[in-house]
Amino acid sequence: MPSHSLLVGYHGCDRSLVESVVAGKDDLKPSQNAWDWLGHGIYFWEDSCARALRWAEAEPQRRASRIKTPAVLSAVIQLGNCLNLTETEALALVKDAHEAYLQFCAASGSPVLENRGTALQVRFLDCAVIETVHQFRQEEGNQPFDTVCGFFVEGRALYPGAGFRELDHIQVCVRSSKQIIGYFLPRST
């Protein structure tokens with residue numbers, strides 16, 4: 001699944017972080033939340049500055065948010081060895097990892113995590129399964145995935161009977177920061 005594809009990603013965050021990263025004084029830190037649906041890494045919206053800004057504007061309403069002044073940081077990303085969840089082969093890896101995860105939980109007596117929320121916005125199970133994919137690759141001596149890409153269905157239907165949602169998007173989780181070629185400020189924020 002190696003890819004030489006480049007894409008532009010947008011990361012919603014606080015204006016001070018945007019300025020610090022663009023000035024080369026700071027780097028984005030990988031998210032390590034147990035509910036990160038594409039596993040641990042740095043998250044970007046692919047080709048959607050407006051969606052990243054919308055997220056950053058909503059984030060201060062959440063408890064313990066670090067965002068005071070919502071802003072967007074743009075990045076050029078080379079996908080590298082990508083677990084692309086729109087590809088059949090990648091989905092087969094994830095399905096196998098789910099089975100292995102269930103077996104691990106049964107053998108260890110650990111509870112099976114579940115996704116939660118009305119729109120499955122808190123993805124404990126998905127995070128555990130994606131992290132299992134990465135763990136297996138490491139144990140088998142396979143090249144690690146640099147990035148994970150997935151299509152996310154979110155929000156209300158655009159119109160009655162629609163298969164499209166108002167917040168549908170493609171998200172990229174960058175696991176290896178060397179895949180971020182550079183940062184820049186978008187014109188639209």
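Where does D47 lie? In this predicted model, D47 is placed in the loop between β2 (42-46) and α2 (49-58). The backbone there is unusual in one respect. D47 has a positive phi of about 55°, although it is not a glycine. Most residues other than glycine have a negative phi. D47 counts as exposed, because its relative accessibility is 55% and the cut-off for exposure is over 50%.

Two glycines also take a positive phi, each just after a helix. G24 follows α1 and has a phi of about 80°. G141 follows α4, with a phi of about 75°. Helix α1 itself spans residues 15-22. Its buried residues are V18, S20 and V21.

Helix α4 can be described in more detail. The helix covers residues 124-139, 16 residues in total. From its first C-alpha to its last it reaches 22 Å. That is close to the 22 Å expected at 1.5 Å a residue. The buried residues of α4 are F124, L125, C127, A128, V129, I130, E131, T132, V133, H134 and R137. Several elements take part in covering them. Among these are the strands β3 (70-84), β4 (115-116), β5 (122-123) and β6 (147-152). Helix α3 (88-108) also contributes to the cover.

The packing of α3 against α4 was examined next. The two axes come within 8 Å and cross at roughly 100°. That makes α3 roughly perpendicular to α4. On the α3 side, the contact is made by L93, V94, A97, H98, A100 and Y101. On the α4 side, it is made by L125, A128, V129, I130, T132, V133, F136 and R137. In an α-helix, residues three or four places apart point the same way, because there are 3.6 residues a turn.

V94 gives a local view of this helix pair. The residue lies in helix α3. V94 counts as buried because its relative accessible area is 18%, against a cut-off of under 20%. Beyond residues up to four places away in sequence, V94 touches L83, L85, V129, I130 and V133. V133 is 39 residues from V94 along the chain. Their C-alpha atoms are nonetheless separated by 6.4 Å.

R123 lies in strand β5. At 14% relative accessibility, R123 counts as buried. Its side chain makes a polar contact of 2.4 Å with the side chain of D126. With neighbours within four places in sequence left aside, R123 is in contact with A34, W35, W37, N115 and F152.

W37 reappears in the surroundings of Q171. The place of Q171 is in strand β7 (residues 169-174). Q171 is buried, with a relative accessible area of 8%. A polar contact of 2.6 Å joins its side chain to that of W37. Q171 also touches L38, Y43, F44, W45, V148, C149 and G150, residues up to four places away in sequence not being counted.

Strand β3 holds S74. What is the relative accessible area of S74? The value is 0%, and S74 is buried. Its contacts, apart from neighbours within four places in sequence, include G9 and Y10. They also include G182, Y183, F184, L185 and P186. D168 is 94 residues from S74 in sequence. The C-alpha atoms of S74 and D168 are 19 Å apart in space.

The cysteines were then considered for bonding. A disulfide is a covalent bond between the sulfur atoms of two cysteines. How many disulfides does the count give? The count comes to 0 disulfides. The cut-off applied is a pair of cysteine sulfur atoms within 2.5 Å. For C13, the closest cysteine sulfur is in C49, at 11 Å, so the two are too far for a bond. C13 is buried, with a relative accessible area of 5%. The sulfur of C149 has its closest cysteine sulfur in C82. At 3.7 Å, this pair is also too far for a bond, because the cut-off is 2.5 Å. C149 is buried, with a relative accessible area of 5%. C149 is also one of the residues that Q171 touches.

Methods
Residues are numbered from 1 along each chain as its sequence is written. This is a predicted model: local features need pLDDT of at least 70, side-chain atom pairs count only at pLDDT 80 or more; totals for chains, interfaces and linings use all residues. Side-chain values use heavy atoms; hydrogens and water are left out. Helices (H or I, at least four residues) and strands (E, at least two) are DSSP runs, numbered from the N terminus. The expected span of a helix is 1.5 Å times one less than its number of residues. Buried means under 20% relative accessible area, exposed over 50%, partly exposed in between (1.4 Å probe, protein chains only). Contact means heavy atoms within 4.5 Å. A polar contact is a pair of N or O atoms within 3.5 Å; within protein, one must be able to donate a hydrogen and the other to accept it, and residues adjacent in sequence count only if both atoms are side-chain atoms. Axes are lines fitted to C-alpha atoms, for helices over the stretch in contact, and angles run from 0 to 180 degrees between N-to-C directions. Angles under 35 degrees count as roughly parallel, over 145 as roughly antiparallel, 65 to 115 as roughly perpendicular and the rest as oblique.
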